[in-house]
Amino acid sequence: MDHRLVSTILALLLSLSQAHELVDLGSEDEIQIEDPDDLDITTRILQSNNGSSEMLMEGDLVISNTRNAMNCWNKQCLWRKSSNGLVEVPYTVSHTFSYYAKKRIENAMKTFKTETCIRFVPRSSQIDFISIENRDGCYSFLGRTGGKQIVSLARYGCVYHGIIQHELKHALGFYHEHTRSDRDQYVKINWENVAPNTIYNFQTQDTNNLNTPYDYTSIMHYGRTAFSTNGMDTITPIPNPNQSIGQRANLSRGDILRIKKLYSCWRELLNDYRCRTAGAEDKVIDQDIIAKRSAEKIKPHYNERNLYVTV
Ligand SMILES: [Zn+2]
């Protein structure tokens with residue numbers, strides 16, 4: 001064989017193998033589950049959404065015919081509960097996500113299954129569903145809108161465990177923690193540091209706080225420099241200014257409790273109560289159930305089949 005032809009073939013094979021290595025490196029990079037430590041969830045979401053074509057409220061909520069999801073009339077903006085006590089949220093995932101990105105999304109969804117009565121299920125023919133798409137930013141609608149509703153997780157910037165959970169919680173009907181109706185007792189907004197055109201992101205909402213305490217550790221709480229015009233704090237916890245906020249690692253115990261309460265996950269709420277009374281210190285239990293059970297004004301009736309309880 002001609003020497004130059006052999007050299008050409010060898011060079012071609014070498015370049016192909018290098019190209020293959022590059023593809024593999026990209027995939028391995030995506031396997032990395034841990035998020036970089038240098039950015040909090042707020043910064044990461046806001047950076048990803050910078051330049052998004054969507055009209056976004058509070059950085060990552062799509063403005064539509066906005067209603068207050070947590071106080072919506074007749075629970076029309078919540079996902080429906082089946083007779084088995086489970087709340088199914090049908091979903092589709094865009095084929096443009098890589099295998100590893102899809103795995104991350106599925107893993108984030110599983111945490112809701114482990115802890116609550118929410119079940120994200122692949123859509124078959126359901127009318128209402130979330131469509132997880134690789135668009136220009138991390139954002140979601142608030143609560144169930146009816147029909148197809150997009151949850152955007154830009155492939156580069158949003159496919160992190162905590163951000164996926166954060167956007168899914170919006171789709172379940174939760175606002176940001178720092179816009180809770182009672183937030184002024186727990187955080188101080190430093191208006192002088194807020195970029196003037198972003199002031200609306202700090203308006204309190206008429207939220208149903210579900211008789212749960214304000215949660216600095218919520219995955220729905222923004223970081224202290226969100227929408228800052230000068231790098232200084234826009235949100236300062238009170239009375240302890242050093243209280244950490246803006247975590248993006250996982251749902252907090254308070255986040256999980258609020259999901260259970262909003263969706264009346266009675267089996268899980270009562271199970272927490274039983275575990276706690278049996279000595280499980282890590283169980284955060286619903287104050288309403290404690291009060292009602294201790295007062296014995298209403299005796300809970302717990303039916304294993306229908307998961308119905310009168311509290
Ligand atoms: Zn958000």
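Guide: A salt bridge is a side-chain nitrogen of Lys or Arg within 4 Å of a carboxyl oxygen of Asp or Glu. The structure above is a predicted model, where local features need pLDDT of at least 70 and side-chain atom pairs pLDDT 80 or more, while totals for chains, interfaces and linings use all residues. Residues are numbered from 1 along each chain as its sequence is written, and side-chain values use heavy atoms, with hydrogens and water left out.

Visitor: How many salt bridges does this rule give?

Guide: The count is 15. In one of them, the side chains of Asp 255 and Lys 169 meet at 3.1 Å, N to O. Asp 255 sits in helix H5 (residues 253–262) and Lys 169 in helix H4 (residues 161–172), so this pair ties together parts that are 86 residues apart in sequence. Helices (H or I, at least four residues) and strands (E, at least two) are DSSP runs, numbered from the N terminus.

Visitor: Are Asp 255 and Lys 169 buried or exposed?

Guide: Both are buried. Buried means under 20% relative accessible area, exposed over 50%, and partly exposed in between, with a 1.4 Å probe and protein chains only. Arg 224 and Asp 233 form another salt bridge, at 3.3 Å, N to O. Here Arg 224 is partly exposed, because its relative accessibility is 23%, and Asp 233 is partly exposed at 24%.

Visitor: Which residues are linked in a network of salt bridges?

Guide: The network links Lys 169, Glu 177, Arg 180, Asp 182, Asp 215, Asp 255 and Arg 258. Take Arg 258, which lies in helix H5 and counts as buried because its relative accessible area is 3%. Contact means heavy atoms within 4.5 Å. Apart from neighbours within four places in sequence, the contacts of Arg 258 include Lys 169, Glu 177, Arg 180 and Asp 215. Phe 174, Leu 210 and Pro 213 are also among them.

Visitor: How should I read a salt bridge inside one helix?

Guide: An α-helix has 3.6 residues a turn, so residues three or four places apart point the same way. Lys 103 and Glu 106 are such a case: both lie in helix H3 (residues 99–115), 3 residues apart, about one turn of the helix. Their side chains meet in a salt bridge of 3.4 Å, N to O. Lys 103 is partly exposed at 34% relative accessibility, and Glu 106 is partly exposed at 30%.

Visitor: What span should the 17 residues of H3 have?

Guide: The expected span is 1.5 Å times one less than the number of residues. For H3 that gives 24 Å, and the end C-alpha atoms are 25 Å apart, which agrees. Its buried residues are Ala 101, Arg 104, Ile 105, Ala 108, Met 109, Thr 111 and Phe 112. Seen down the axis, they fall within an arc of 135°, so they line one face of the helix; the arc is that of the directions from the helix axis to the C-beta atoms. On the other side of H3, Tyr 99, Lys 113 and Thr 114 are exposed.

Visitor: Which residues coordinate the zinc ion?

Guide: Donors are N, O and S atoms within 2.8 Å of the metal (3.2 Å for Na, K and Ca); water is not among the atoms, so sites may look incomplete. In this model the zinc ion is coordinated by two OD entries of Asp 60 and by NE2 of His 166, His 170 and His 176, at 2.0 to 2.2 Å. Along the chain the donors follow the spacing D-x105-H-x3-H-x5-H. His 170 and His 176 are buried.

Visitor: What about unusual backbone angles?

Guide: Most residues other than glycine have a negative phi, and most peptide bonds are trans. Leu 210 has a positive phi, near 60°, and Phe 227 likewise has a positive phi of about 60°. Leu 210 is found in the loop between strand E8 (187–189) and E9, as is Phe 227. Leu 210 is buried at 12% relative accessible area, and Phe 227 is buried at 14%. The peptide bond from Ile 238 to Pro 239 is cis, with omega near 5°. Pro 239 is in the loop between strand E9 (235–237) and H5.

Visitor: How many helices and strands are there in the chain?

Guide: The chain has 7 helices and 9 strands. Of its 311 residues, 49% count as buried. Among contacts with a separation of 6 or more, 70% join residues 24 or more positions apart.
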